[in-house]
Amino acid sequence: MSTAVVIVAAGAGSRVGATVNKVLLPLRGVPLLVWSLREALALPDVRRLVLVVRPEDRDAVGAAVAPHLGDREVLLVDGGATRHGSEWAALQVLAPDVESGDVDVVVVHDGARPLAGSALWGTVVARARETGGAIPVVPVDHLLHDDLTLVTDAVGGVQTPQAFRARDVLAAYRAAAADGFEGTDTSACVAAYGSTAVAAVPGSPLNLKVTFPEDVALAAELSPGAVPPAP
């Protein structure tokens with residue numbers, strides 16, 4: 001059994017206020033994207049690793065990750081106009097390995113989430129093999145309806161990495177392409193077009209998404225090694 005990992009890094013990141021793609025911003029001495037790259041490569045059975053980037057970022061991303069690959073390889077794929085389009089572009093590249101059975105699980109992760117943690121990566125892959133799919137979820141408090149009344153039902157915020165049986169997620173995206181459907185994330189497309197059971201696993205409040213300038217500093221404070229060990 002082998003895993004394929006897709007790291008989506010094709011956003012402009014304009015809200016973070018940087019002149020470069022936010023996944024190239026430094027986080028404790030290395031590009032932010034490298035944190036996710038290292039965790040993905042640490043999975044025991046990774047066969048393919050795909051980085052989805054904007055065409056104009058291809059050279060910069062390639063140069064940024066090259067020193068951290070060792071003898072491993074990554075494939076750079078041009079992203080689409082939307083997140084869904086970027087994921088579909090990666091899945092089309094992975095399709096031959098999925099159809100041959102060389103890849104049985106596909107993991108999709110947002111490159112702007114550098115602190116997911118290796119334990120979470122391993123958990124979603126294992127649960128996807130057991131149930132068909134797995135997504136990290138964290139509780140959400142103080143959510144309001146459109147009329148500003150408080151949402152009292154239990155609500156969860158969905159994070160990445162998200163993992164799915166490879167043939168199921170590929171089939172869902174092919175069906176979505178035929179219909180012109182676009183989901184907000186991978187699980188939305190799988191839910192709309194698949195019969196796969198998707199398990200919710202505990203996410204982490206540390207697994208923040210870098211969106212605004214202050215998020216970079218916060219990620220640096222929260223990252224492993226930022227807090228000195230207790231005496």
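**Exercise 1.** Find which residues Val5 is in contact with, leaving aside its neighbours within four places in sequence.

*Solution.* Start with the rule: contact means heavy atoms within 4.5 Å. With those neighbours set aside, Val5 is in contact with Ala40, Leu43, Val46, Arg48, Leu49, Val50, Val107 and Trp121.

A quick note on what you're looking at: this is a predicted model, where local features need pLDDT of at least 70, side-chain atom pairs count only at pLDDT 80 or more, and totals for chains, interfaces and linings use all residues. Residues are numbered from 1 along each chain as its sequence is written, and side-chain values use heavy atoms, with hydrogens and water left out.

**Exercise 2.** Work out which element gives the most to the largest nonpolar core.

*Solution.* A nonpolar core is a set of buried (under 20% relative accessible area, 1.4 Å probe, protein chains only) Ala, Val, Leu, Ile, Met, Phe, Trp, Tyr and Cys residues joined through side-chain atoms within 4.5 Å. The largest one has 30 residues, and Val5, Leu33, Leu51 and Val61 have the most contacts inside it. Next, turn to the helices (DSSP H or I runs, at least four residues) and strands (E, at least two), numbered from the N terminus. Those giving two or more residues are β1, α1, β4, α2, β6 and α4. The top giver is α4, with five residues. Apart from this core lies another, of 26 residues, including Cys189 and Val190.

**Exercise 3.** Say how exposed Phe181 is, and do likewise for Tyr193.

*Solution.* Partly exposed sits between buried and exposed, the latter being over 50%. Phe181, at 29% relative accessibility, counts as partly exposed. Tyr193, at 28%, also counts as partly exposed.
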